[in-house]
Amino acid sequence: MTGMDDESVFVMSYSKAVKLSGFFLVFLNTAQPAHAYLDPGTGSIIIQSIIGGIAAAATFGALYWAKVKAFFNSILHKETTDSSSDSK
Amino acid sequence: MTNPDILDGSFRDPAGQVHEIDGRIFRTVTPYGAPAFAKVHATNFLNDLVKTGDLVPYEIVQDPKIIELFPQAEYVLEHKRLNYISYPYEWSFNLLKEAALLHLSIAIQALDKDIVLTDASAYNIQFIGPKPIFIDHLSFKPYTDREYWVGHRQFCEQFLNPLLLRAKLDVPHNSWFRGTQEGITNEDLSKLLGFHQKLSLNVLSHVVLPARFQTRARNTQRTDTKKISERKGIAKTTYNSLLVQLKKWISTLRPRNTHNSTWGNYAEDNTYNDEENRLKADFITEFIQSTNPDLIYDIGCNSGAFSEVALKAGARQSIGFDFDKIAIDKAFKRATDKSLNLLPLYLDAANPSPNQGWKQSERVGFVERAKPDAILALAFEHHLAIGKNIPLQQVIQWLVSLAPNGIIEFVDKSDPTVQTMLSMREDIFPNYTPSAFESALSDCTTIVNTREITKDGRTLYWYKRI
């Protein structure tokens, strides 16, 4: 964990929180408005769920990608520190 | 005072109905709709919309004489009355597009304040001149966490798909929409789109896939489909991005083929020269200054050039009518560019909007809709009398019945346009002559003045109904 900046630590803890809340959301039986007088259409509801799922996955993916970048950053940082100390 | 009638068209809304009394417009809010309305009203969001001109101004009525007429209502609202009502099937492409963008803009602003729209009916929008305005104050309610956008399907059917019909296939939506009253379904549009057109992510998300899922849900056993109450909904950010993406996409939509239409280029290449146009404009200006009309109909308005003349001469408001889809979009552009109180609508005069919908009174027909103070029917009557074989006398009687004052232009057979119309057919119009026209017109009106516009046979007639 050495060489990791605060940002990356935050990202790692946040992604843990997202994973946890994901679990909660699946089990949470949120109330949908029961008195809508308009038929939303099954097709529309399904596509909204899919888009929502993709969006959630994308957010999760972006956080995961941030972790990956942070990891490579830490490697590079170590390398440049080594090389700069060499040149001294 | 007898029980005020519900204005047909608002009877479906369980949250409240619209009534008219002595020319004033009132909206009742039922006990069902009251809690949502109260919460939304308290946030002041509706007032913000009124201030930007996006929602019809309203106030909660305190007058006990009005309140006692509606004993069942929790609240009674009074709305500013609109001068003219129009329907989505009468709008040009650009009017429908502006209405769609307004709806989404309101939905996005509302969601930011944790308020949502309960439906997405195109009839919730009206126009003042070329500018759209939202009219359903009871369409708003507080946002419930993770709720779906329940208006999505209706939005696609009433706004998106009609726009796509023109943008992708160059087919105007008017006749189809007038027939179904509720827009164009995803399933129907999917059947018409080309394969490449269906590949776009936007088209897939909002038209093709929802149609596919809907068909599948209908065909499989009903018990297989999850009930909406069992689903986990979508995040507020997802809801918002649906609205934002649609708004971005719709703002890029344009009619597929903006150049080919019979009368679209009329304003540039027609049978009048500049001097003749000036003669027309002067005569119209005299007419308007003398009759001082509030509301005029410009029948056969084309790109709205003479509505512009009339409005500049002092008419308060013009509704333009034409059946050429490109012409009415040009008139829309003129109205927005020059800030004119001109609303250009689609009309086939031989087949005007009828009374229709539930009890055939939900949507009001063309003639019953309003009583204009004056009409302009320029370069128009020959399209009905020659083009559609309607007896000249009936054309004149119909036009004259619309307003007490007006200008009708007679286009004689010697004119190049009529010559073209008759070139491919037998001349079955022995009674289509200037004297027959004048005689029919003076039977039901006084001819106040006339002016010859072109040597080839175009003359303006200023009539005043007896």
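In the predicted model, L376(B) stands opposite I407(B) in β13(B), and on the neighbouring strand D298(B) stands opposite L376(B) in β12(B). The two pairings that involve β12(B) are both parallel, with four bridges joining β12(B) to β13(B) and three bridges joining β9(B) to β12(B). Along β12(B), the side chains of A374(B) and L376(B) point one way, whereas those of I375(B) and A377(B) point the other way, and all of these residues are buried.

These strands belong to an open sheet of seven strands in chain B, whose order is β11-β10-β9-β12-β13-β15-β14 and whose pairing is mixed. Because β11 (342–346) and β14 (445–454) of chain B each have a single partner strand, they form the edges, and one side of each is left without a neighbour in the sheet. From one strand to the next, the twist averages 20 degrees. An antiparallel pairing is found between β13 (residues 405–411) and β15 (residues 458–465) of chain B, which are joined by seven bridges; within this pairing, G406(B) has Y463(B) of β15(B) as its bridge partner.

Two helices of chain B that pack on the sheet can be described in turn. Helix α11 (residues 274–291) touches β9 (295–299), β12 (374–377), β13, β14 and β15 of chain B, and its direction makes about 160 degrees with that of β14(B). Helix α13 (residues 325–337), in turn, touches β10 (317–322) and β11 of chain B, with a direction that makes about 170 degrees with that of β11(B).

Helix α10 of chain B, which covers residues 236–252, comprises 17 residues and reaches 25 Å from its first C-alpha to its last, close to the 24 Å expected at 1.5 Å a residue. Its buried residues are T238(B), Y239(B), L242(B), L243(B), L246(B), W249(B) and I250(B). Seen down the axis of α10(B), these buried residues fall within an arc of 140 degrees, and they therefore line one face of the helix. On the other side of α10(B), by contrast, T237(B), K248(B) and T252(B) are exposed.

Chain A, for its part, contains two helices and zero strands. Of its 88 residues, 22% count as buried, where the criterion for burial is a relative accessible area under 20%. The accessible surface of chain A comes to about 6,400 Å², and 68% of this area belongs to carbon and sulfur atoms.

Definitions and conventions. Residues numbered from 1 in each chain as written. Chains lettered and ligands numbered in written order. Predicted model: local features only at pLDDT ≥ 70, side-chain atom pairs only at ≥ 80, totals over all residues. Heavy atoms only, no water. Buried < 20%, exposed > 50% of the residue type's maximum accessible area, 1.4 Å probe, protein only. Areas by Shrake-Rupley, 256 points an atom, 1.4 Å probe, with all protein chains shown as cover. Pairing = 2+ DSSP bridges. Axes fitted to C-alpha atoms, helices over the stretch in contact; angles between N-to-C directions. Contact = heavy atoms within 4.5 Å. Expected span 1.5 Å × (residues − 1). Arc of directions from axis to C-beta.
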